[in-house]
Amino acid sequence: MLVNQPLLLQACLDGKFGTIFEYGRSCVCEAGFIYLLGEAEEGILSELKNRWNNRMFICMTRQWEEALLTSYPGMVHVTRYQMKYEPGSTDEKVLCRYIEMLPHEYKLTMFDRTVFEQKPFMHASTYSSYEDFQRNASGAVVWYQGQIVSSASSFLSWKNQLELDIVTAKEHRRKGVGIACTSAMLLDCKARGFDVHWDAQNPASRSLAEKMGYRLDCTYRAYSFMTPEEP
């Protein structure tokens, strides 16, 4: 296995999220990413580009990775960082301090119905209703001049576990807004007994996670048919 089983994949295999496609000895899980499991087979390999041309692929075995790159040698990849929370590594006072350091021109709030209905950065879009989100999820946002410029929210809830997603508008980065709303969400999750999973998509996200008390669990590659120039 090239990466420890992510929460999105666990939820998919449990029938709670995404779609499972079985092909004899191989299995493809469409759950945010396209996860490739089992034994790589020629039949499904030939379908990948036509069916999921604009998606990112996670190989759960070395055989799948080798077969994928043999069939599509032009694929590009990005490195992602699977983080794991280290209990006791961050005091709640530290998280509170990040919130207090938010510049005065910004305002932090938790997800309420108004925020939920806005779906900032597509956050909360996987939940059926505000009541569903309120019971099973958590999130916080930062406002600037009446607009949401940063959001930390659970992308998925499964067995008291949450998958975290953080987005900050480009012009408001490096100002402490992302770390403030993330701290608020994590404090809420801790109070409510939620375990938060953090899959960092770049070194900046990894660095932020480490400030929040997470450590690197493993690195892995996500493959794509897109060229580096494409978004």
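This passage describes the pockets, the aromatic pairs and one cysteine of a predicted model.

A good place to begin is with the empty space. Rolling a probe the size of a water molecule over the atoms shows where such space is left. The largest pocket found in this way has a volume of about 1,200 Å³. It is lined by 34 residues, and Ile166, Val167, Gln201, Asn202 and Ser205 are the closest to its centre. Two or more lining residues come from each of strand S8 (147-158), strand S9 (161-168), helix H7 (177-192), strand S10 (195-200) and helix H8 (203-211). Of these elements, S9 gives the most, with six residues. Sorted by class, the lining of the largest pocket holds 14 nonpolar, 12 polar and eight charged residues.

The second largest pocket contains about 600 Å³ of space. Its lining is made of 29 residues, and those nearest the centre are Tyr85, Asp195, Val196, His197 and Tyr214. The elements that each give two or more residues here are helix H1 (7-13), strand S5 (76-85), helix H4 (92-100), H7, S10 and strand S11 (214-224). The largest share, five residues, belongs to S10. By class, the lining of this second pocket divides into 14 nonpolar, seven polar and eight charged residues. Readers following along in the structure may notice that H7 and S10 appear among the elements lining the largest pocket and also among those lining the second largest.

Next come the aromatic rings, which form 12 pairs in the model. One of the pairs joins tyrosine 85 and tyrosine 214, with 5.3 Å from centre to centre and 65° between the planes, an edge-to-face arrangement. Both of these tyrosines were met above, among the residues nearest the centre of the second largest pocket. Tyrosine 85 lies in strand S5 and tyrosine 214 in strand S11, so their pair ties together parts of the chain that are 129 residues apart in sequence. How much of each residue can be reached from outside? Tyrosine 85 is partly exposed, at 32% relative accessibility, whereas tyrosine 214, at 7%, is buried.

Another pair brings together tyrosine 106 and tyrosine 144, and this one is tilted, with 5.2 Å between the centres and 40° between the planes. Tyrosine 106 sits in the loop between H4 and strand S6 (107-110), and tyrosine 144 belongs to strand S7 (residues 139-144), so the pair links parts that are 38 residues apart in sequence. Here tyrosine 106 is buried, with a relative accessibility of 7%, while tyrosine 144 is partly exposed, with a relative accessible area of 26%.

Rings can also join up in a group: ring pairs link Phe111, Phe116, Tyr127, Tyr130 and Phe133 into a cluster. Within this story phenylalanine 116 has a charged partner as well, since lysine 119 lies over the face of its ring at 3.7 Å from the ring centre.

Finally, attention turns to cysteine 218, which is found in strand S11. Is this residue buried or exposed? Its relative accessibility is 15%, and residues under 20% count as buried, so cysteine 218 is buried. Beyond its neighbours within four places in sequence, cysteine 218 is in contact with Val3, Asn4, Arg80, Tyr81 and Gln82. Glutamate 163, by comparison, is 55 residues from cysteine 218 in sequence and 16 Å away in space, C-alpha to C-alpha.

How values were computed: Residues numbered from 1 in each chain as written. Predicted model: local features only at pLDDT ≥ 70, side-chain atom pairs only at ≥ 80, totals over all residues. Heavy atoms only, no water. 1 Å grid on protein atoms, 1.4 Å probe; cavity = no way out; pocket = protein on both sides within 12 Å on 5 of 7 lines; lining within 4 Å. Points joined across faces, edges and corners; volume = space filled by probe spheres on them. Helix = DSSP H or I, 4+ residues; strand = E, 2+ residues; numbered from the N terminus. Nonpolar A, V, L, I, M, F, W, Y, C, P; charged D, E, K, R; others polar. Phe/Tyr/Trp six-rings, centres within 6.5 Å; stacked < 30°, edge-to-face > 60°. Buried < 20%, exposed > 50% of the residue type's maximum accessible area, 1.4 Å probe, protein only. Lys NZ or Arg CZ within 6 Å of the ring centre and 35° of its normal. Contact = heavy atoms within 4.5 Å.
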